[in-house]
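Please look through the sequence and the model below, and then follow the explanation from one part of the fold to the next.

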Amino acid sequence: MNDTSFLQFIFLFCFQVSSSSIYASQQSLSETQKQIASKMNRITARRVAFNIHALKSARRTLCNNAGVKIPGEDCDQDLADNLPVHDVAIVGGGMVGMALACSLANTPLTKKLNVAIIDSNPALLSSAVIKKEDPPDPRVSTVTPATIALFQDMGAWKYVEEHRHAYFDKMQVWDYTGLGYTRYNAKDINKEVLGCVVENKVLHRSLLSCLQNAGSEQKIYPFKLNSMSTQPSSSSTRHGSLAKLELSDGHSLYAKLVVGADGSKSRVKELAGITSTGWKYSQNAIICTVQHTQENFCAWQRFLPKGPIALLPIGDNFSNIVWTMSPDESSNCKSMSELDFVEELNRALDSGYGPRPKSQLSGAPPFSWLTNADRTASSADDLFEAAPKITKLASERMVFPLSLNHANRYVSKRVAIIGDAAHTVHPLAGQGVNMGFGDAFSLSKVISQGIAVGSDIGELSLLKRYESERKPANVTMMAILDGFQKAYSIDFGPLNVLRAAAFQGAHYISPLKKNIISYASGEQRFPLFS
């Protein structure tokens, strides 16, 4: 018996007994007594109604208390219809979570989905405008051509181009020993650019603008996720076996699919029971924005004894620094004066720790027997260049520890994790956010495929397709980055020679260079010779 029939029965029974008793008494009473009895009748009816309301409130209170239930009754079943139901609940409204929301909103088969975005970050509800004259933020991302193409397809890249950003078509990588270097050029793979450096706040705001203009149905919940559970499939509620999410404000909602895009300390991953494998590097990264006297259009990376330093263009005579070093060194660099720190940066990017590499000016270059006959479109003839001088700091210095972490699985029933919730990597190649964007677009595609054939988008068999596509690609990239980190963290003579040979080979062997660029650009899955 449900709430309504149960309470109606009590009301009718009590009212009928009261009315019958009063009516029998009225037959033998005087007119005045009859009036008093009539008044009592009305009072009795009101009291019965009040008691029914109190009973209903008390019953709900009992249901809400942990571990307390009325025998034979299911509180969630009775009250579930009052909770909102969404097709997809994205926990984490950062860049990767917003990329998934945008992709769903701009794909024909998924644009009608009811999407919830759960994140307490006030930026999601802020109407603040990013001004180009604002100082650049030190938190940036290097976006690959493959990611740019995906952003263009869903209409988000045009918003990026309204703000500060920097395309680069050249990259130079070298070693502190001075034994070798490699220069890459977009022309090596018949492209215009190798990538684009964008502030994270610009990427996030661009995705938010794209979502707002997509005309899709989504709701932002500005709270944190407290708990998550999946209703038993035998439940008789109309929500079946949907996931139930309880938020920090006390409210709850249902979803067919929950996506954890909530970072390396993912609450979704924890609640889903998904374990991870990984380790901490004995390194920190210090990041900041610097300024030059002229604009920079090249990405620079030098491998030092304790870790690499990268100088990335971000437009308007600004560049971004990502310098990997030991925790003690990072503390020293963060505390030193601006003048001393700028001097240390220029030293690390030039002849500090070792000499500059020498360019091959004449004669046959190393590995010439393996190079293509046609060298006109190859950067193998490019000479070594010195990185542009830094004149001053343009932001605060930020320090964060480095680690590698990888989820042992990406999905469970009604749950999928993407981005840093699934994997974190060393920043030496700037691939972390691109891996996350790849996850988001892959999951969006799988959801669309499921809808096309009428599948439940939270079914494990469907979500496994996403895992099968992304896990091998992510593991391969993580293995390569971890290998680089380990190989360039050791200062040992014979190993230094091998590293120099690797630089020279990548610089002069055109097929190898093209495959490295294609792989780093996201256009080729595995770095094999073509």
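H406 has H423, a residue of β20, as its bridge partner, and this places us at the pairing of β17 with strand β20 (residues 423–424), where two bridges join strands that run antiparallel. Please keep in mind that the model is a predicted one. Strand β17 (residues 398–407) is also joined to strand β12 (residues 276–291), in this case by nine bridges, and these two strands run antiparallel as well. Within that pairing, A285 of the one strand stands opposite F400 in β17. In a regular strand the side chains alternate between the two faces of the sheet.

A residue that helps to connect this region with another strand is T324, which is found in strand β15 (residues 318–325). Leaving aside neighbours within four places in sequence, T324 is in contact with Q283, N284, A285, K306, G307, P308, L402 and H426. T324 has a relative accessible area of 2%, so it counts as buried, the limit being under 20%.

From these strands we can step back to the whole protein, which has 14 helices and 20 strands. Of its 530 residues, 48% are buried, while the area that the protein exposes is about 25,400 Å², with carbon and sulfur atoms supplying 55% of it. If we take the contacts between residues at least 6 apart in sequence, 77% of them join residues at least 24 apart.

Which parts does helix α4 pack against? The buried residues of α4 pack against the strands β1 (85–91), β2 (114–118), β3 (140–143) and β11 (252–260), and also against the helices α7 (200–212) and α11 (432–452). Eleven of the eleven residues of helix α4 (residues 95–105) are buried, so this helix is largely enclosed by the rest of the structure. Among these buried residues are M95, M98, L100, C102 and L104. An α-helix has 3.6 residues a turn, so residues three or four places apart point the same way.

In soluble globular proteins, nonpolar side chains tend to be buried together. Here the largest nonpolar core has 72 residues, and those with the most contacts inside it are F151, L207, V258, I418, F437 and L443. The largest share of this core, nine residues, comes from α4. V258, not counting residues up to four places away in sequence, touches A89, V91, M228, A243, L245, V268, R414, V415 and A416. A second, separate core of 24 residues includes F341, V342, L345 and L349.

M228, one of the residues that V258 touches, is found in strand β9 (residues 225–230). With a relative accessibility of 15%, M228 counts as buried, and, leaving aside neighbours within four places in sequence, its contacts are K244, L245, V258, V268, L271, A272 and V415. The C-alpha atoms of M228 and Y254 are separated by 9.6 Å, although these two residues are 26 residues apart along the chain.

The aromatic rings offer another way to follow the fold. A pair of aromatic rings is described by the distance of the centres and the angle of the planes. The count for this structure comes to eight aromatic pairs. One of the pairs is that of W174 and W300, which is edge-to-face, with 6.5 Å centre to centre and 90° between the planes. W174 lies in strand β5 (residues 170–175) and W300 in strand β13 (residues 298–304), so this pair ties together parts that are 126 residues apart in sequence. W174 is buried, with a relative accessible area of 1%, and W300 also counts as buried, at 4% relative accessibility. W174 pairs with F384 too, and here the ring centres are 5.5 Å apart and the planes stand at 80°, so the pair is again edge-to-face. F384 lies in the loop between α10 (338–348) and β16 (392–393), so its pairing with W174 of strand β5 ties together parts that are 210 residues apart in sequence. Both W174 and F384 are buried.

Elsewhere, F151, W157, Y167, F437 and F441 form one aromatic cluster. Rings may also have a charge placed over them, as F341 shows, where the charged end of R397 sits over the ring, 4.8 Å from its centre. K513, likewise, lies over the face of Y184, at 5.8 Å from the ring centre.

How values were computed: Residues are numbered from 1 along each chain as its sequence is written. This is a predicted model: local features need pLDDT of at least 70, side-chain atom pairs count only at pLDDT 80 or more; totals for chains, interfaces and linings use all residues. Side-chain values use heavy atoms; hydrogens and water are left out. Rings of Phe, Tyr and Trp (its six-membered ring) pair if their centres lie within 6.5 Å; planes under 30 degrees apart count as stacked, over 60 as edge-to-face and the rest as tilted. Helices (H or I, at least four residues) and strands (E, at least two) are DSSP runs, numbered from the N terminus. Buried means under 20% relative accessible area, exposed over 50%, partly exposed in between (1.4 Å probe, protein chains only). A charge sits over a ring if NZ of Lys or CZ of Arg is within 6 Å of the ring centre and within 35 degrees of the ring normal. Contact means heavy atoms within 4.5 Å. Accessible areas come from the Shrake-Rupley method with a 1.4 Å probe; for residues, only the protein chains shown count as cover. Two strands pair if DSSP finds at least two bridges between them. A nonpolar core is a set of buried Ala, Val, Leu, Ile, Met, Phe, Trp, Tyr and Cys residues joined through side-chain atoms within 4.5 Å.
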